[in-house]
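This report goes through the salt bridges, the sheets and the cysteines of one chain. The sequence and the model are shown first.

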Amino acid sequence: MARRVARDVPGLIVKFGDYPLHHGGVGAIRSLGRLGVPMYAITEDRYTPAAVSRYLRRAFVWPTTGTEAPERLVEGLLRIGRRIGCPTVLVPTDEEAAVLIAEHQGVLGADGRFLFPRVAAGLPRCLASKQGLHELCSEHGIPSPATVFPRSYDDIAAFAETARFPLVAKNREAFLRRSRPAVHGTTRVATREGLLRLARGWGERPGVILQEYLPREEAEDWIVHAYFDAESAPLAMFTGVKMRSWPPHAGMTANAYVVDNPELADLAVRFVKQIGFSGVVDLDLRFDRRDGQYKLLDFNPRMGAQFRLFESESGVDVVRAMHLDLTGRAVPEGEQRVGRRYVVENIDLPALLAYRRSGYTTPHAPARASGTELAWFARDDLRPFFTMLVRLVRPGVRHLFQLWRMWRIGRRADRSTG
């Protein structure tokens with residue numbers, strides 16, 4: 001693998017918003033850095049885990065919120081590109097970065113300054129939009145949960161009269177989730193009264209969708225990570241099953257396994273070909289045992305935070321596949337390493353406690369892992385792990401307590417309405 005990669009073409013981790021404890025960016029820095037690729041990253045400050053990685057050549061300190069004018073963000077990227085001084089592969093780690101790159105690809109790709117997969121300019125924004133994704137699923141026959149898109153409080157009140165609870169509320173659009181978030185991530189709503197109470201704070205134009213809840217006892221969470229070339233052909237394809245997420249059943253992957261699932265891979269390949277997407281994808285699907293369908297919940301048009309779960313026998317992950325393809329190298333073929341486990345140390349412990357209380361199980365998870373990839377700890381790159389611990393202690397404990405409290409309130413509400 002190291003002999004194949006273009007070591008004279010650096011990579012740049014692109015992120016907008018304030019989330020310094022992002023293990024996906026650290027994973028991408030390590031993945032390409034271990035092959036000798038010079039790595040750069042946009043960071044909130046000089047003391048984030050990504051900024052202190054031994055595999056990072058330079059951190060460009062640029063605090064952003066994700067609410068800045070696109071022109072300002074583009075100019076900032078161009079300024080960083082001039083400092084790097086050579087063609088650079090862009091590695092977006094959030095929807096806002098992926099959308100911005102796609103919508104300004106003419107400027108960012110001029111003179112070969114930045115390398116990235118070319119797509120229809122509006123496609124990543126559509127995929128990152130919960131409404132846009134639902135409409136694409138309906139158009140192309142891809143199963144997804146029943147969803148409504150209220151435009152006013154009156155719409156929500158009318159819907160609540162006949163809605164089946166519990167249901168799920170999500171922010172409708174990328175970028176708007178930064179400036180005017182309706183909810184803090186995926187939120188389970190147990191009762192009509194709870195929905196109306198939340199909705200009073202969403203303003204005249206609620207930027208939210210309301211989605212069918214797939215009961216945890218009748219469902220199983222799956223993930224697909226892949227890289228598709230300019231013809232929407234998969235050059236790297238991986239499938240896995242989530243054991244735990246945080247917050248439970250609705251948040252970031254905390255623990256997962258690589259599991260072969262040809263049916264799921266075929267569904268992803270068919271959908272990506274139909275919409276004509278090129279690049280890295282991170283898909284979240286929930287298998288509904290009631291009707292035997294995989295229902296697409298999220299289509300992230302960028303690298304997923306847990307992408308290092310997946311690696312082929314030839315040493316390829318989705319970030320390496322993208323770098324190889326964009327620099328004109330062949331991507332080595334190879335089967336995925338089945339049975340590998342991925343653990344995000346700082347969120348898996350509270351997730352484990354929550355899942356044990358709920359009694360939720362994952363039937364397709366292997367009984368034993370063939371190997372474990374930790375999100376933060378790496379013997380050859382220790383500083384990100386210890387930096388994460390230092391930054392986690394005070395705000396992290398407070399944040400985890402708040403999430404735990406919200407989850408316990410939801411559990412009590414379920415019991416009271418059950």
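## A salt bridge between two strands

In this predicted model, Arg340 and Glu373 are joined by a salt bridge between their side chains, with an N to O distance of 3.6 Å. The two residues come from distant parts of the chain: Arg340 belongs to strand 15 and Glu373 to strand 16, and 33 residues separate them. Both Arg340 and Glu373 are buried.

The pair belongs to a network of salt bridges that also links Arg308, Glu311, Glu313, Asp317, Arg320 and Arg337.

## Other salt bridges

The count of salt bridges in the model is 26. One of them connects Arg391 with Asp45, whose closest N and O atoms are 3.0 Å apart. Here too the pair links distant parts of the chain, since Arg391 sits in helix 13 and Asp45 in the loop between strand 2 (39-43) and strand 3 (56-61), 346 residues apart. Arg391 is partly exposed, at a relative accessible area of 26%, and Asp45 is partly exposed at 22%.

Arg82 and Glu75 form another salt bridge through their side chains, at 3.0 Å from N to O. Arg82 is partly exposed, with a relative accessibility of 48%; Glu75 is partly exposed as well, with a relative accessible area of 34%.

## The seven-stranded sheet

Strands 15 and 16 are part of an open sheet of seven strands, ordered 14-13-10-11-12-15-16, with mixed pairing. Strand 14 (293-300) and strand 16 (371-374) are at the edges; each has a single partner strand, so one side of each has no neighbour in the sheet. On average, neighbouring strands of this sheet are turned by 30 degrees against each other, direction ignored.

Helix 12 (residues 345-358) lies across strand 11, strand 12 (252-258), strand 15 (340-343) and strand 16. The helix runs at about 55 degrees to strand 11.

## Strand 10 and its two partners

Within this sheet, strand 10 (residues 219-228) pairs with strand 11 (residues 234-246) in the antiparallel sense, over seven bridges. Phe228 is placed opposite Pro234 of strand 11, and Val224 has Thr239 as its bridge partner in that strand. The two strands form a hairpin with five residues between them, and Ser232 in the turn has a positive phi of about 65 degrees. Strand 10 also pairs with strand 13 (residues 279-288), again antiparallel, over ten bridges; there Ala219 stands opposite Asp288.

How many residues of strand 10 are buried? Ten of its ten residues are buried. Both faces of the strand are covered: one side carries Ala219, Asp221, Ile223, His225 and Tyr227, and the other Glu220, Trp222, Val224, Ala226 and Phe228, all of them buried.

## The loop after strand 16

Ala375 is found in the loop between strand 16 and helix 13 (383-417). Ala375 is buried, with a relative accessible area of 4%. Beyond its neighbours within four places in sequence, Ala375 is in contact with His23, Arg30, Tyr342, Val343, Val344 and Glu345. Ala375 and His140 are 235 residues apart in sequence, and their C-alpha atoms are 35 Å apart in space.

## The four-stranded sheet

An open sheet of four strands has the order 6-9-7-8 and antiparallel pairing. Its edge strands, strand 6 (147-148) and strand 8 (187-189), each pair on one side only. Strand 7 (residues 167-171) is joined to strand 8 by three bridges, and the two run antiparallel. Leu167 has Val189 in strand 8 as its bridge partner.

## Cysteines

The structure holds zero disulfides. Why is Cys126 not bonded to Cys137? The sulfur of Cys137 is the closest cysteine sulfur to that of Cys126, but at 9.8 Å it is too far for a bond; the cut-off for a disulfide is a sulfur pair within 2.5 Å. Seen from Cys137, the closest cysteine sulfur is that of Cys126, at 9.8 Å.

The two cysteines can also be described by their exposure. Cys126 is partly exposed, with a relative accessible area of 26%, whereas Cys137 is buried, with a relative accessible area of 1%.

Definitions and conventions. Residues numbered from 1 in each chain as written. Predicted model: local features only at pLDDT ≥ 70, side-chain atom pairs only at ≥ 80, totals over all residues. Heavy atoms only, no water. Pairing = 2+ DSSP bridges. Axes fitted to C-alpha atoms, helices over the stretch in contact; angles between N-to-C directions. Contact = heavy atoms within 4.5 Å. Buried < 20%, exposed > 50% of the residue type's maximum accessible area, 1.4 Å probe, protein only. Salt bridge = Lys/Arg side-chain N within 4 Å of Asp/Glu carboxyl O.
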